[in-house]
Structures are given as structure tokens and as C-alpha cells.
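I opened my notebook beside the viewer and wrote down what I looked up, one topic at a time. Follow along if you like.

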Amino acid sequence: MSHRSMLRRGRKAAVATVIAAAALSLTACQSGKSDAAGAPSAAASADSGSDSGSGSGSGSSAAQGSGTPAAGPKAGQGSSSNGSGAAARNGSKASNASGNGGSAARCTTAALRAGWGSSGGGVPDMHSDAQQTAAVWLKNTGGRNCTISGFPGVQIKGSDGGSLDLPRSSKKPVPVVLKPGATTAFTLRLLPSVSSGDKKVEPAMVLITPPNEKQHFQLKWPYGGAILDQSGATHPGTFVNPVNVP
């Protein structure tokens with residue numbers, strides 16, 4: 001083989017070696033790019049995890065905040081959930097009180113009706129010289145429970161134009177809750193006049209004012225007779241008792 005042929009083969013081998021080396025280098029570079037591309041993906045995943053972690057953290061914080069409302073009041077901060085809880089508790093208490101009659105609104109004249117008599121009687125004998133009892137019933141005609149307590153105002157209007165305001169007894173009032181349609185009553189203790197020389201009032205109309213109200217009912221007196229007028233007496237025989245107290 002000539003010297004030139006050997007040189008050609010050597011050059012070809014060198015070129016082949018260079019090409020092979022270049023191919024290996026290119027493969028290594030491509031492999032590096034794939035790893036580099038994977039790294040951002042991992043970084044993005046980490047960022048996403050961080051975002052989702054912060055979201056989870058804020059979600060956890062929100063859940064913790066709503067799940068631990070007691071922390072708000074301890075710090076002196078009111079929270080809506082705690083406030084509504086307190087309102088619910090107060091509402092529950094208010095509901096129970098209403099059931100027990102503690103928070104029912106006062107019975108008003110507009111939501112009541114009145115009339116003579118009661119299930120216990122109360123029909124006075126106005127021809128007797130002994131003390132008599134007349135009863136007046138009050139009915140809740142409204143749509144809600146109402147509380148009534150105390151003394152009603154009672155004024156007797158005489159047929160001759162005179163009047164007699166009944167004093168109160170010494171009995172203590174007892175509150176009562178009237179459901180819609182329910183009734184209660186109060187009594188009048190009366191001392192009839194049977195002597196011609198007595199100072200007296202012959203009842204024609206009776207004005208009844210429910211406790212703590214200003215409007216009154218007008219009831220026609222149905223029993224006849226006359227009531228002894230003891231307006232100046234220390235212990236008169238005619239007076240009114242509280243509602244729901246015999």
C-alpha cells in the first residue's frame with residue numbers, strides 16, 4: 001500500500017472519530033435538555049404545590065377561624081358566626097321564656113274582649129245586705145300569646161250621673177299568659193245598699209280598663225240594685241281584685 005492510501009484511510013478514520021464524538025456529544029446535550037426541561041416542571045410543580053399549599057394553608061386558617069369561634073371573643077373580637085350563635089342561644093332562651101309566659105307581649109285592650117260572669121260564678125244578689133261578688137272575664141281575641149297582670153281600672157257610672165272609682169284590694173297580682181282564645185277573670189267585691197238613707201250609686205254602666213292600658217270597655221250593668229258609696233272609708237266594702245286572683 002502506498003503512503004498516500006494510508007494517509008487517506010487515516011483521515012477517514014479521524015473524520016469518523018470526530019463524527020462519532022459529535023454524535024455522542026449531541027446525544028448527551030439532548031439528554032441534558034430533557035433533564036433541564038424536567039427541572040422546571042418540578043419547580044412548577046413545587047410552585048403549584050406552594051400555591052396550593054398556601055391555599056390549603058389559608059383554607060386551613062379559614063377553617064380554623066370558623067372552627068374556633070371562641071378565639072374571637074377571648075381576643076375581644078366579635079365574629080359573625082359567634083354572634084349568630086349567641087343570637088341563636090338568645091333566641092332559644094327567648095323562645096323558652098315565651099313558652100313559659102315570661103316574654104309574651106302585654107295584653108292590650110284592642111286584643112281583648114270583656115263580659116260579665118265567669119266559670120266560677122260571680123252573680124251578685126243586689127238585694128242582700130252582705131258583701132257580694134261580681135266577675136268580669138277577659139278574652140284574648142288576638143293571634144298571639146299575651147301576658148296580663150295587675151289590677152284593672154273599674155269605674156261605675158250611676159244612672160243619676162254620679163260615679164264610683166273602685167279601690168284596689170291588698171291581694172298581690174299574679175301574671176298569666178293568655179293563648180289566643182283563652183280567658184281569665186277578675187272579681188269585684190260589692191257592698192249593696194239596701195237602706196233608703198244610704199249614700200249610694202245605682203250602676204248603669206261600668207268602665208273596665210285592662211291593667212296597664214288606657215282604653216276601656218263599657219259594660220252595661222246587668223244586676224240592678226245599688227252600691228253603697230264608701231268613698232271616704234278606710235276599708236270600703238266595694239273594691240276590685242287583681243286579674244287571675246280570686
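**Contacts and overall make-up**

I count a contact when heavy atoms lie within 4.5 Å. With that in hand, I looked at the contacts in the chain with a separation of 6 or more, and 77% of them come from residues 24 or more positions apart. I note here that this is a predicted model. The chain has 246 residues, of which 28% count as buried. I found three helices and 12 strands. For the surface, I read about 15000 Å² exposed, with carbon and sulfur atoms supplying 53% of it.

**Confidence**

I checked pLDDT before going into detail. The average for the chain is 71, and 58% of the residues score at least 70. Where does pLDDT stay under 50? I found this over residues 18-101, a stretch for which the model has 12 contacts beyond four places in sequence.

**The open sheet**

My next stop was a sheet of four strands. Its order is E1-E2-E7-E12; the sheet is open and the pairing is antiparallel. Which strands stand at the edges? They are E1 (112-116) and E12 (239-240); each has a single partner strand, so one side of each is left without a neighbour in the sheet.

I then went through two of the pairings. E2 and E7 run antiparallel and share eight bridges. In that pairing I picked out Leu-138, whose bridge partner in E7 is Thr-184. E7 covers residues 183-190 and is joined to E12 by two bridges, again antiparallel. There I saw Arg-189 standing opposite Phe-239 of E12.

**The nonpolar core**

How many residues does the largest nonpolar core have? I read 30, and those with the most contacts inside it are Trp-116, Ile-148, Val-154, Phe-186, Leu-188 and Ile-208. I also asked which strands feed this core. Those that each supply at least two residues are E1, E2 (132-140), E3 (146-148), E4 (153-158), E6 (176-178), E7, E9 (203-209) and E10 (217-220).

I took Leu-188 as my example from that list. Leaving aside neighbours within four places in sequence, Leu-188 is in contact with Trp-116, Gln-132, Thr-133, Ala-134, Val-154, Leu-166, Phe-239 and Val-240. Trp-116 is thus a contact of Leu-188 and is itself listed among the core residues with the most contacts. The same can be said of Val-154, which touches Leu-188 and also appears in that core list.

**The disulfide**

I searched the whole structure for disulfides and found one. Cys-107 is joined to Cys-146, with an S to S distance of 2.0 Å. The torsion about the S-S bond is about 90 degrees, so this disulfide is right-handed. The pair links distant parts of the chain, 39 residues apart: Cys-107 sits in the loop between helix H3 (80-100) and E1, and Cys-146 in strand E3.

Are the two cysteines buried or exposed? Cys-107 is buried at a relative accessible area of 2%, and Cys-146 is buried at 5%.

**The loop between E11 and E12**

I looked at two residues in this loop. His-235 lies between strand E11 (227-228) and E12, and Asp-229 is placed in that loop too. Why is Asp-229 called buried? Its relative accessible area is 15%, and the cut-off for buried is under 20%. His-235 is exposed, because its relative accessible area is 73% and exposed means over 50%.

For Asp-229 I listed the contacts, leaving aside neighbours within four places in sequence: Leu-164, Lys-199, Lys-200 and Val-201. For His-235 I looked up a distance instead. His-235 and Pro-167 are 68 residues apart in sequence, and their C-alpha atoms are 9.5 Å apart in space.

**Positive phi**

Last, I looked at two residues that have a positive phi without being glycine. Asn-212 has a phi of about 65 degrees and belongs to the loop between E9 and E10. Its relative accessibility is 59%, so Asn-212 counts as exposed. Asn-244 has a phi of about 70 degrees and is found in the segment after E12. At 35% relative accessibility, I put Asn-244 down as partly exposed.

Definitions and conventions:
Residues numbered from 1 in each chain as written. Predicted model: local features only at pLDDT ≥ 70, side-chain atom pairs only at ≥ 80, totals over all residues. Heavy atoms only, no water. Pairing = 2+ DSSP bridges. Buried < 20%, exposed > 50% of the residue type's maximum accessible area, 1.4 Å probe, protein only. Core = buried A, V, L, I, M, F, W, Y, C linked by side-chain atoms within 4.5 Å. Disulfide = S-S within 2.5 Å. pLDDT = per-residue confidence, 0-100. Areas by Shrake-Rupley, 256 points an atom, 1.4 Å probe, with all protein chains shown as cover.
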